[in-house]
Amino acid sequence: TVGFKYNGIFGSGASAQKQPIAVALLPVEGEPVHRTKPQIHHMEVSGNRITPAFSTAQLDDRIVFVNTDSVYHQLFSISQDIPFDVTLGKTDSGKPTQASIKLDKTGTVHIFCRIHNKSYARIDVLETPYQQMIGSGQPFYFANLEAGRYQLRIASPAAETLLIPVDAVTSPPPLELELGFHGGNTTFNNLGMSPAVDRMYP
């Protein structure tokens, strides 16, 4: 399981408990990476917000942005690894408009809208098929792994990203892990908070 440890000086950090957590297994250097067939992920723009606001994807997956609003959106990323700029036309007669991008490099993608300042999302693009999204305190496991050494990657908006060396074994002992959380208004959009630039770019 993964939980949050509040490292701030104001409040209790209770808001962090509602944030999603991404867990992934990354083969260590020199170990083979057996990626699965690329997948298509849909992200919806509705009410000037993007959902999901935080997610992970495998290298070479594709993102399809779906606009259900009756206004235009101009989504872009200033991430060095995966820059893009797409325009979504307004919904016509109830039919959503779409645009897609390919995630052809690993890294963290921060998505904004040039027109609406409440539109934001983050995608962590990883070179591994072993990925899960969980909630705080929710158990997780990875099955059918090849023997070898891995790094367990744990990330969440506004929290520290952990990389923990692990081995693939049968019936491993349970792990109880904590992500450091510094409090404050750390991310926004559907996570229900306001942005703080120093925490948006891990």
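In this predicted model, the second largest pocket is lined by Leu26, Pro27, Val33, Thr106, Gly107, Thr108, Asp124, Val125, Leu126, Glu127 and Arg153. Two or more of the lining residues come from each of strand E2 (21-27), strand E10 (107-113) and strand E11 (120-126). The largest share is that of E11, which gives 3 residues. By residue class, the lining holds 5 nonpolar, 3 polar and 3 charged residues. The volume of this second largest pocket is about 160 Å³.

The largest pocket has a volume of about 580 Å³. Its lining comprises 20 residues. Closest to the pocket centre are Tyr141, Phe142, Pro172, Pro173 and Leu175. Strand E13 (149-155) and strand E14 (162-167) each contribute at least two lining residues. Nonpolar residues number 16 in this lining, with 2 polar and 2 charged residues besides.

Strands E13 and E14 also belong to an open sheet. This sheet has 4 strands in the order E12-E2-E13-E14, and the pairing is antiparallel. Strand E12 (131-134) and E14 form the edges, and each of these pairs on one side only. The average turn between neighbouring strands of the sheet is 25 degrees, direction ignored. Within the sheet, 6 bridges link E2 to E13 in the antiparallel sense. Leu26 faces Gln151 of E13 across this pairing. Leu26 is also one of the residues lining the second largest pocket. Strand E2 thus appears in the 4-stranded sheet and among the elements that supply that pocket lining.

A further open sheet contains 5 strands. Their order is E5-E11-E10-E7-E8, and the pairing is mixed. Strand E5 (54-58) and strand E8 (84-88) are the edge strands; each has a single partner strand, so one side of each lacks a neighbour in the sheet. From one strand to the next, the twist averages 20 degrees. Strand E7 (residues 73-77) runs antiparallel to E10 and is joined to E10 by 3 bridges. Phe76 has Phe112 in E10 as its bridge partner. In general, strands of a sheet pair through backbone hydrogen bonds, in either a parallel or an antiparallel arrangement. Two strands of this sheet, E10 and E11, each give two or more residues to the lining of the second largest pocket.

Thr97 was examined for its surroundings. This residue lies in strand E9 (residues 97-102). A polar atom of the Thr97 side chain lies 2.4 Å from the backbone oxygen of Gly89. Gly89 is also among the residues that Thr97 touches, when those up to four places away in sequence are not counted. The others are Phe65, Val66, Asn67, Leu88 and Lys90. Of these, Leu88 falls within strand E8 (84-88), at an edge of the 5-stranded sheet.

Two backbone features were found in loops. Most residues other than glycine have a negative phi, and most peptide bonds are trans. Asn48 has a positive phi, near 65 degrees. Asn48 sits in the loop between strand E3 (40-46) and E4. The peptide bond between Thr51 and Pro52 is cis, with omega of about -5 degrees. Pro52 lies in the loop between strand E4 (49-51) and E5. The strand that follows this loop, E5, is an edge strand of the 5-stranded sheet.

Terms used. Residues are numbered from 1 along each chain as its sequence is written. This is a predicted model: local features need pLDDT of at least 70, side-chain atom pairs count only at pLDDT 80 or more; totals for chains, interfaces and linings use all residues. Side-chain values use heavy atoms; hydrogens and water are left out. On a 1 Å grid over the protein atoms alone, a cavity is a set of points where a 1.4 Å probe fits but cannot get out, and a pocket is an open set with protein on both sides within 12 Å along at least five of seven lines; lining residues have an atom within 4 Å of a point. Grid points are joined across faces, edges and corners, and a volume is the space filled by probe spheres set on the points. Ala, Val, Leu, Ile, Met, Phe, Trp, Tyr, Cys and Pro count as nonpolar, Asp, Glu, Lys and Arg as charged, and the others, Gly among them, as polar. A polar contact is a pair of N or O atoms within 3.5 Å; within protein, one must be able to donate a hydrogen and the other to accept it, and residues adjacent in sequence count only if both atoms are side-chain atoms. Contact means heavy atoms within 4.5 Å. Two strands pair if DSSP finds at least two bridges between them. Axes are lines fitted to C-alpha atoms, for helices over the stretch in contact, and angles run from 0 to 180 degrees between N-to-C directions.
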